[in-house]
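This report describes how selected helices pack against each other and what lines the largest pocket. Please keep the sequence and the structure in view while reading.

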Amino acid sequence: MMISDKQALRRYVKQIVRHAEVVETMLDFDVAHGEMGVEAMLGTCASLPRTPSELSSGRLTHTPLGEDAAAMFAALDALDLPVHDLSRAAQMQRLYTRDAYIREILDVMHARSVLVRTPLARAAETRFEDDRMHPLLAVDLDLFTPGRYGIAYHQAAQRIEEAAKLSGANHVLLERFDEQAVRYALLPVCEDASLTLHIRMETEPQIGHFAQMLDDAPGVRAIVSAPEAIECKLIDCAAQRERMLVRLSGWAHLDMAFARLGTRFVPYTANATLPEQMLGRWVIARERIWQALCSAYLPLARTGYDIDSEAIEQDVHALLCGNLEQANAGRLTPVA
């Protein structure tokens, strides 16, 4: 179907983005034991004052402003839990088993897959009941503490590879940038073990140094991010490198990413500490994404070019799922 009308374009893009599957690249939550539910969500809203009477009555006496509050109520609404009665919502949520509740969140979110931050030390015990959840192996710089003979990068790389095999992880996250750790451990092990590297740069020089190192490691694919202040530099750098996939840190440069990268980037990550928070943030994010994508189409549509609905579906799939799946270097099989 060809779409030439501006309003029809908006309606179609909105519909596709709202219902498309998504890949979440960072859920920092203990899936097996972490607390969930209404009180846990309220605990994430630092700007939301609460009193015992409000919690017992299930009603707030003020307007709950702020991003975290919006995400909480968006999640409750998406799960068909009463946003006007938190006490009742909590009672309804407790009727679910733990696994069923997480499964419901992923279903409502249209989650294709979710990467769950998994510390290196817990790799052996990591198992998820829902096969849409996958470990994101988190490596801290403590792994590279100097010993009597300096830093044993080879041994550190071996520990990462072993942990990846034990957990079935296909993605590894370096939690703080260190050029030597990247050069002598992370890039080699990612290349040898077919792992996708997730990394965040904090300065412009780090972006340049990492880009050069990635160029010298042709078997590695990297998901990269940076603070908004230097994100433009990161986008420009990734525009010349197919194996470097930018994950935006906010909304400031979404239009620039469309202009420079097309749909070859990751527009959003919830960076959530609760599954419900992840759901709520994605509900809100979809609204920003479809509007930005529609704006990116408009200059082309104004020329008289008819945009194919199938092309829009392919673009949305690439943006929300496909780019990350292409960056995925192949899953390892967990050790029994």
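## Helix packing and the largest pocket

In this predicted model, the axes of helix α9 (residues 204-215) and helix α10 (residues 231-238) come within 9 Å and cross at roughly 15°. Angles under 35 degrees count as roughly parallel, and α9 and α10 are therefore roughly parallel to each other. The crossing in which α9 passes α10 is right-handed. On the side of α9, the contact is made by Glu204, Ile207 and Ala211, and on the side of α10 by Lys233, Leu234 and Cys237. Sorted by class, this contact of α9 with α10 holds four nonpolar and two charged residues, with no polar residue.

Helix α10 also packs against a further helix. The axes of α10 and helix α11 (residues 254-261) come within 10 Å, and they cross at roughly 15°. The angle makes α10 roughly parallel to α11. Here too a right-handed crossing is found, as α10 passes α11. From α10, the residues Cys232, Ile235, Asp236 and Ala238 meet Met256, Ala257, Arg260 and Leu261 of α11. The contact of α10 with α11 comprises six nonpolar and two charged residues, and no polar ones.

A third pair joins helix α1 (residues 6-19) to helix α13 (residues 309-327), which pack at an angle of about 40° with their axes 10 Å apart. That angle makes α1 oblique to α13. In passing α13, α1 forms a right-handed crossing. Leu9, Tyr12, Val13, Ile16 and Val17 are the residues of α1 that meet Ser309, Ile312, Glu313, Val316 and Leu320 of α13. By class, the contact of α1 with α13 has eight nonpolar residues, one polar residue and one charged residue.

The table sets out the geometry of the three pairs.

| Helix pair | Axis separation | Angle between axes |
|---|---|---|
| α9 and α10 | within 9 Å | roughly 15° |
| α10 and α11 | within 10 Å | roughly 15° |
| α1 and α13 | 10 Å | about 40° |

The report now turns to the pocket. The largest pocket has a volume of about 600 Å³. It is lined by 28 residues, of which Ser249, Tyr268, Thr269, Ala270 and Asn271 are the closest to its centre. Two or more lining residues are given by each of the elements α4 (67-78), β5 (171-174), β6 (196-200), β7 (222-225) and α12 (275-302). Among the contributors to the lining, α12 supplies the largest share, with four residues. In terms of class, the lining of the largest pocket divides into 14 nonpolar, seven polar and seven charged residues.

Technical notes. Residues numbered from 1 in each chain as written. Predicted model: local features only at pLDDT ≥ 70, side-chain atom pairs only at ≥ 80, totals over all residues. Heavy atoms only, no water. 1 Å grid on protein atoms, 1.4 Å probe; cavity = no way out; pocket = protein on both sides within 12 Å on 5 of 7 lines; lining within 4 Å. Points joined across faces, edges and corners; volume = space filled by probe spheres on them. Nonpolar A, V, L, I, M, F, W, Y, C, P; charged D, E, K, R; others polar. Axes fitted to C-alpha atoms, helices over the stretch in contact; angles between N-to-C directions. Parallel < 35°, antiparallel > 145°, perpendicular 65-115°, else oblique. Left-handed = near helix turned anticlockwise from the far one by under 90°. Contact = heavy atoms within 4.5 Å.
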